[in-house]
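Biologist: I should be grateful for a close look at a single part of this protein. Please describe its position and its surroundings, and then place it against the rest of the chain.

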Amino acid sequence: MTPARSATRIARTDLRTAARAFLALPGGLAAAVLTLAGRPAGAARLRGRLGGGPGGGAWTSGRVLSRTILGLPLDAAAFALLGYALFNSARNFAYPLWYGDTDYHQAWGGPTLAGVWAVHALGWLLCLAVLLHWPVRWTATAQATLDRRLTRRFR
């Protein structure tokens, strides 16, 4: 496997992991609302899709509500971290639109707008790669561990 193909696979995996971690909070709250509204089958399907693990019978109403309550700190941390990443991605990649009417001659990469945009976009890409590769992966691993522990069968 070539290094470029390996890097592409890592990036794709990191983005998929980040999306699941980001959607855990709103999806978990939606599953809890479905459970409380008397739709446990829909909540189980939604919870199964969010975790990427077992769906259907593994997620009972009690387990869905337990996952929502126990996972709230993890899910909120992932949501905040990835919300910050999305906001800063928009700011740095769209630098000319965001700061276009300001004096960018003293900004990093100045005095040209192209240099400023390149420095901010490439710098943020590096930060984003580190952010998505380690802290988000750790949070997503903790979320998946919680899902596995709540859905395993006890004998």
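Modeller: A helix here is a DSSP run of H or I of at least four residues, and the helices are numbered from the N terminus. The part I have chosen is Ala43, which is placed in helix α2, residues 40-51. The model is a predicted one, with an average pLDDT of 84 for the protein; 89% of the residues score at least 70.

Ala43 is buried because its relative accessibility is 0%, and the cut-off for that term is under 20%. Beyond its neighbours within four places in sequence, Ala43 is in contact with Ala31, Leu34, Thr35 and Val64. Of these partners, Ala31 lies twelve residues away along the chain, and the C-alpha atoms of Ala43 and Ala31 are separated by 4.4 Å. Val64, another partner, has a number that falls within helix α3, residues 61-70. Helix α3 has the highest mean pLDDT among the elements, 92, whereas helix α5, residues 95-99, has the lowest, 73. Where pLDDT is low, the predicted coordinates should not be read in detail.

For contrast, one may turn to the surface. Phe93, found in helix α4, residues 72-93, has a relative accessible area of 34% and is therefore partly exposed. Together with Trp117, Leu122 and Leu125, Phe93 makes a nonpolar surface patch of about 390 Å². Helix α6, residues 113-133, gives the most to that patch, with three residues.

How values were computed:
Residues are numbered from 1 along each chain as its sequence is written. This is a predicted model: local features need pLDDT of at least 70, side-chain atom pairs count only at pLDDT 80 or more; totals for chains, interfaces and linings use all residues. Side-chain values use heavy atoms; hydrogens and water are left out. pLDDT is the predictor's confidence in each residue, from 0 to 100. Helices (H or I, at least four residues) and strands (E, at least two) are DSSP runs, numbered from the N terminus. Buried means under 20% relative accessible area, exposed over 50%, partly exposed in between (1.4 Å probe, protein chains only). Contact means heavy atoms within 4.5 Å. Patches are made of residues with over 30% relative accessible area and no salt bridge: like charges are joined within 9 Å, nonpolar side chains (Val, Leu, Ile, Met, Phe, Trp, Tyr) within 5 Å. Accessible areas come from the Shrake-Rupley method with a 1.4 Å probe; for residues, only the protein chains shown count as cover. A salt bridge is a side-chain nitrogen of Lys or Arg within 4 Å of a carboxyl oxygen of Asp or Glu.
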